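Hi everyone, thanks for coming. I'd like to walk you through a structure that may be new to most of you, so let's put it on the screen.

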Amino acid sequence: MGVNLVAAILTIAALAVGRELFIPLAMALCFHALLRPVVRNLERLGVPSVLGATVVVLSLLGLIIVGGFALSGPVSDFIDRAPVSIERARDRIKTMGLPFRRLSDAAAGNVSQPAKPVAPAPTAPAPQPPVPAVVTQILGRATIFVAGVIEVLLLLYLMLAAGNLLFRKLVKVFPGPDEKRTVSDVFHETEAIVARYLVVTALINIGQGIAVAFAMWAIGMPDPLMWGLLTFVLEFIPYLGGASMVGMLLITGFTAFTGVGKILLAPALYLVVTTIQNNVVSPYAYGSRLKLSPLAVMICVMFWWFVWGIPGVFLSIPIAATMKVLGDQVPKLGALSELLGE
């Protein structure tokens, strides 16, 4: 027991310390599971693995560039307006809380006498609110993000171009879980599960993004297309993505609307769409093969956020799905299936 505990602690420490190595590798493996079937179909048509991998990776790069340009303008404007928007939101919250503060003071007997009017002193122009630290960090890490994307794409290209070499090496190095199933069989099944999760999640996010964009347009929210695109992107990040959307919608609502009901309407509509998606669409779309315990999902998200940050949150569900498949197929890992499954 003591040895296992020490081994688990050392493994977690290694994952945290080596995040610069493990995060791009895990990302590349995740997208390899998604795109390897495409390259395999091209191979059946007579296209060499190297050429097929080149076409697939360049297509993915093109989609990233197009999506980045589509989001760059509205997001840049949102970031530029963020300091003023946050300051206005603070003022609005203070104003909305003033009657409650007066009521509390009156109940406590701290009613102050009105002060005599004093001639206002000349005031200097109000300084521009400082840029929040979060915005500064986002802008400062843009170069690191681009470098990480390039690193993932290079690893992905090498994996796809290698064809079935990875499977052949796995079969040679590791024995199968039983006589009828090899490591290659388990790997193919895991690959299919992860690919299905990513495809289904992307389709669900597209539908959710369209619904959110239409809802924002209907209530007069600025940049409804941006909110739809952000929904598609951020919904790949469990919990944190939704929380970020609610926060941004609230901040924008404080600057775009005056009434409290209109301010709260945008995040409320987003939460309604998300609730319908989580409780009606997702259970039907994912099916029984991808059913994971909500508690296990929450623990996985928190663990990988602690170890790898936001990339870990994105990878937490594919990793959990992979572990569940391994638990289903490998008898020695059956406890994983019991812990992660519903």
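Let's begin at Ser316. Setting aside neighbours up to four places away in sequence, Ser316 is in contact with Pro238, Cys300, Val301 and Trp304. Please keep in mind as we go that this is a predicted model. Ser316 is part of helix α12. Is Ser316 buried or exposed? Its relative accessibility is 0%, so Ser316 counts as buried. And what does the side chain of Ser316 reach? The answer is the backbone oxygen of Val313, at 2.7 Å.

Now take one step back along the chain to Leu315, which also has its place in helix α12. Leu315 has a relative accessibility of 2%, so this residue counts as buried too. Leaving out residues up to four places away in sequence, Leu315 touches Ile23, Ala26, Met27, Cys30 and Trp308. There is also a long-range relation to look at here: Leu315 and Phe236 are 79 residues apart along the chain, and their C-alpha atoms are separated by 9.2 Å.

Let me zoom out for a moment. How many helices and strands does the chain have? There are 13 helices and zero strands, so if you read the elements from the N terminus on, you just say "alpha" again and again. The chain has 342 residues, and 35% of them count as buried. Among contacts with a separation of 6 or more, 72% are between residues 24 or more positions apart. As for the outside, the accessible surface comes to about 20,800 Å², and carbon and sulfur atoms account for 72% of that.

Next, the inside. In soluble globular proteins, nonpolar side chains tend to be buried together. Here, the largest nonpolar core has 52 residues, and the members that touch the most others are Met216, Trp227 and Trp308. You have met Trp308 already, as a contact of Leu315. Several helices give two or more residues to this core, among them α2 (19-44), α3 (49-107), α7 (183-218) and α12 (310-329). Which element gives the largest share? That is α7, with eight residues.

Let's look at Met216 up close. Not counting residues up to four places away in sequence, Met216 touches Met221, Pro224, Trp227, Leu249, Ala266 and Leu269. There is a second, separate core as well, with 10 residues, including Val39, Val56, Leu153 and Leu160.

On to the aromatic rings. The count comes to six aromatic pairs. One of them is Phe214 with Trp217, a tilted pair with 5.6 Å from centre to centre and 35° between the planes. Both residues of this pair lie in helix α7, three residues apart, which is about one turn of the helix. Phe214 and Trp217 are both exposed.

Compare that with Phe232 and Phe236. Why is this pair called edge-to-face? The ring centres are 5.4 Å apart and the planes stand at 90°, so the pair falls in that class, where the cut-off is over 60 degrees. Phe232 has 29% relative accessibility and counts as partly exposed, while Phe236, at 15%, is buried; the line between the two classes is drawn at 20%. These two rings also belong to one aromatic cluster, together with Phe31 and Phe314.

Last topic: charges. Side chains of opposite charge can pair when their charged atoms come close. How many salt bridges are found in the whole structure? A search finds two.

In one of them, Arg36 pairs with Glu43, and the closest N and O atoms are 3.3 Å apart. Arg36 is buried, at 0% relative accessibility, whereas Glu43, at 24%, counts as partly exposed.

The other joins Arg40 and Glu191, also with 3.3 Å between the closest N and O atoms. Arg40 lies in helix α2 and Glu191 in helix α7, so this pair ties together parts that are 151 residues apart in sequence. Both Arg40 and Glu191 are buried.

That's my tour. If you'd like one place to go back to on the screen, try helix α7: this helix gives the largest share of the largest core, holds the tilted pair of Phe214 and Trp217, and carries Glu191 of the salt bridge. Thanks for listening!

Notes. Residues are numbered from 1 along each chain as its sequence is written. This is a predicted model: local features need pLDDT of at least 70, side-chain atom pairs count only at pLDDT 80 or more; totals for chains, interfaces and linings use all residues. Side-chain values use heavy atoms; hydrogens and water are left out. Helices (H or I, at least four residues) and strands (E, at least two) are DSSP runs, numbered from the N terminus. Buried means under 20% relative accessible area, exposed over 50%, partly exposed in between (1.4 Å probe, protein chains only). Contact means heavy atoms within 4.5 Å. Accessible areas come from the Shrake-Rupley method with a 1.4 Å probe; for residues, only the protein chains shown count as cover. A nonpolar core is a set of buried Ala, Val, Leu, Ile, Met, Phe, Trp, Tyr and Cys residues joined through side-chain atoms within 4.5 Å. Rings of Phe, Tyr and Trp (its six-membered ring) pair if their centres lie within 6.5 Å; planes under 30 degrees apart count as stacked, over 60 as edge-to-face and the rest as tilted. A polar contact is a pair of N or O atoms within 3.5 Å; within protein, one must be able to donate a hydrogen and the other to accept it, and residues adjacent in sequence count only if both atoms are side-chain atoms. A salt bridge is a side-chain nitrogen of Lys or Arg within 4 Å of a carboxyl oxygen of Asp or Glu.
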